[in-house]
Amino acid sequence: MATASVSFKSREDHRKQIELEEARKAGLAPAEVDEDGKEINPHIPQYMSSAPWYLNAEKPSLKHQRKWKSDPNYTKSWYDRGAKVFQAEKYRKGACANCGAMTHDAKACMERPRKAGAKWTNKHIAPDEKIETFELDYDGKRDRWNGYDTTSYAYVVERYEAREAARKKYLKEEKLKKLDEKNNNENTEVGVSDEDNDDDDLKIDEAKVDESKQMDFAKVEKRVRTTGGGSTGTVRNLRIREDTAKYLLNLDVNSAHYDPKTRSMREDPLPDADPNEKFYGGDNQHRNSGQALEFKQLNIHAWEAFDKGQDMHMQAAPSQAELLYKNYKVIKEKMKTRAKDTIFEKYGNAASEEEFPRELLLGQSERQIEYDRAGRIVKGQEISLPKSKYEEDVYINNHTSVWGSWWKDHQWGYKCCKQTVRNSYCTGAAGIKAAEASADLMKANLARKEATEDSQHTLEERRHATWGTEVPDDLVLDDKLLAAALGKEDDRKKEEKDERKRKYNVRWNDEVTPEDMEAYRMKKVHFDDPMKDFLH
């Protein structure tokens with residue numbers, strides 16, 4: 001029984017450990033401390049806080065979650081550009097045939113090809129380049145200024161200073177030139193206003209832009225999608241600065257909607273204005289006129305033809321789609337002409353100069369008759385009530401109502417006797433009472449039958465317990481039958497252990513009694529039970 005006590009002890013320890021973890025999460029118990037003396041957050045999941053088995057961790061720790069591998073080759077430095085290592089005096093085997101350096105071959109040599117390489121002349125051997133092999137760390141890979149030479153910015157400063165010095169020198173020369181012209185001109189009258197004008201002339205307006213650059217102020221450079229791929233094209237803005245913006249044409253809030261993101265106004269902002277005086281009538285005026293409308297109709301025809309099963313696509317085969325659309329318009333015009341000729345042949349053409357037939361002229365009268373759109377007479381003649389081709393108000397089999405005057409439970413019937421059989425004889429109010437009494441009797445019989453079935457089913461459940469179901473609490477078992485079933489279960493288990501004791505002729509019986517089921521449950525071995533090895 002020592003093993004059993006150990007197993008119970010381990011289960012108790014496990015339960016205590018779970019209770020301690022819950023107390024730590026609730027803040028009722030102090031948190032665990034790792035090897036370095038730092039507290040471990042009790043809310044960290046167990047699959048993260050528990051160390052793998054191969055680390056042989058004796059104390060709680062989170063070191064297995066940290067990066068314990070450190071590569072000494074990781075660095076943030078950059079390559080030393082143009083650095084030389086060693087310069088030989090003689091050519092070495094395996095070196096570059098052109099310059100004599102060992103760090104590259106003749107194909108990768110960046111020097112000018114010599115007439116006779118260093119391999120044959122053995123002179124002017126180039127020094128070896130410094131080759132560095134290191135791996136950048138996380139910050140080094142993402143540093144955009146890594147390897148930037150700060151001394152190269154001195155060249156930018158020098159250019160800026162030289163430009164400023166040239167500008168100041170130019171301004172000074174222009175000022176001296178103006179003063180010389182002023183002193184040499186004796187006919188000019190000296191005044192205060194003239195001196196101010198001269199000072200203004202000497203100043204150079206740097207904000208003034210050359211007129212040649214203002215010529216294409218409305219030119220917009222953008223990417224234009226073409227068939228051969230994207231290319232830079234020129235799109236000119238048709239509105240100049242003197243024109244009124246489209247959103248200022250009508251300041252009414254309920255006027256045409258203006259989308260500031262796309263700068264589009266689809267509707268006409270001034271629909272009541274004279275069209276001859278309007279410069280802008282909405283963006284849709286270009287889409288609903290000219291070739292844009294024809295292209296729209298061509299697209300609609302292609303879509304409708306494709307939906308009807310015709311192999312036609314506007315983008316895949318535009319020429320074919322346009323040709324089919326032209327044929328469609330020709331055929332449609334022919335069909336219209338043919339229908340028009342057919343109507344003319346049948347009813348005649350009132351607009352023609354031909355004389356009316358004599359029978360039509362003699363059939364005319366002065367009585368006026370008005371018709372509506374459906375062709376029915378409205379005024380001028382008595383309206384005759386239309387009659388059905390079926391017999392009306394005909395009652396059969398002594399019924400006082402027609403078939404279909406009553407509806408119940410998705411069935412038509414007669415309203416007078418509430419019968420659903422068409423060829424039945426009318427029974428009147430007595431038939432209605434008899435039908436209701438029979439319906440009540442049928443409902444009572446059904447309820448009695450259901451109650452009987454439920455009682456039998458409950459009794460059967462209390463008596464029998466099937467495989468895979470739970471045992472009822474009020475199950476009644478026979479002690480003698482249960483003892484016999486336990487003996488059979490022991491014999492069966494002995495046969496399972498020793499194959500030699502199994503009989504040759506095996507009888508199969510699938511009838512299971514509650515006693516057999518209870519014996520199976522009592523003898524069944526539960527593998528999760530820690531005492532399963534001590535059962536006899």
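**Exercise 1.** Determine which residues form the largest nonpolar core of this predicted model, and which helices supply them.

*Solution.*
Step 1. Seven residues make up the largest nonpolar core: L298, A302, A305, M312, M314, A321 and Y325.
Step 2. At least two residues of this core come from each of helix 9 (291-307) and helix 10 (318-347).
Step 3. Helix 9 provides the largest share, namely three residues.
Step 4. Leaving aside residues up to four places away in sequence, M312 touches H301, A302, A305, F306, A321 and L324.
Step 5. There is also a second, separate core of five residues, among them C96, A101, C109 and A126.

**Exercise 2.** Locate Y155 and decide whether this residue is buried or exposed.

*Solution.*
Step 1. Y155 lies in helix 5 (residues 153-184).
Step 2. A residue counts as exposed when its relative accessible area is over 50%.
Step 3. Y155 is therefore classed as exposed, because its relative accessibility is 54%.
Step 4. Together with W145, Y148, Y153, V156 and V157, Y155 forms a nonpolar surface patch, whose accessible area totals about 660 Å².

**Exercise 3.** State where in the protein chain the confidence is lowest and where it is highest.

*Solution.*
Step 1. The chain has a mean pLDDT of 78, with 75% of its residues at 70 or more.
Step 2. Confidence is lowest in helix 7 (residues 211-214), with a mean of 49, and highest in helix 3 (residues 118-121), at 93.
Step 3. Residues 1-9 have pLDDT below 50, and this stretch makes three contacts beyond near neighbours in sequence.
Step 4. Residues 463-468 also have pLDDT below 50, with twelve such contacts.
Step 5. Predicted coordinates should not be read in detail where pLDDT is low.

Conventions
Residues are numbered from 1 along each chain as its sequence is written. This is a predicted model: local features need pLDDT of at least 70, side-chain atom pairs count only at pLDDT 80 or more; totals for chains, interfaces and linings use all residues. Side-chain values use heavy atoms; hydrogens and water are left out. Patches are made of residues with over 30% relative accessible area and no salt bridge: like charges are joined within 9 Å, nonpolar side chains (Val, Leu, Ile, Met, Phe, Trp, Tyr) within 5 Å. Accessible areas come from the Shrake-Rupley method with a 1.4 Å probe; for residues, only the protein chains shown count as cover. A salt bridge is a side-chain nitrogen of Lys or Arg within 4 Å of a carboxyl oxygen of Asp or Glu. Helices (H or I, at least four residues) and strands (E, at least two) are DSSP runs, numbered from the N terminus. Buried means under 20% relative accessible area, exposed over 50%, partly exposed in between (1.4 Å probe, protein chains only). pLDDT is the predictor's confidence in each residue, from 0 to 100. Contact means heavy atoms within 4.5 Å. A nonpolar core is a set of buried Ala, Val, Leu, Ile, Met, Phe, Trp, Tyr and Cys residues joined through side-chain atoms within 4.5 Å.
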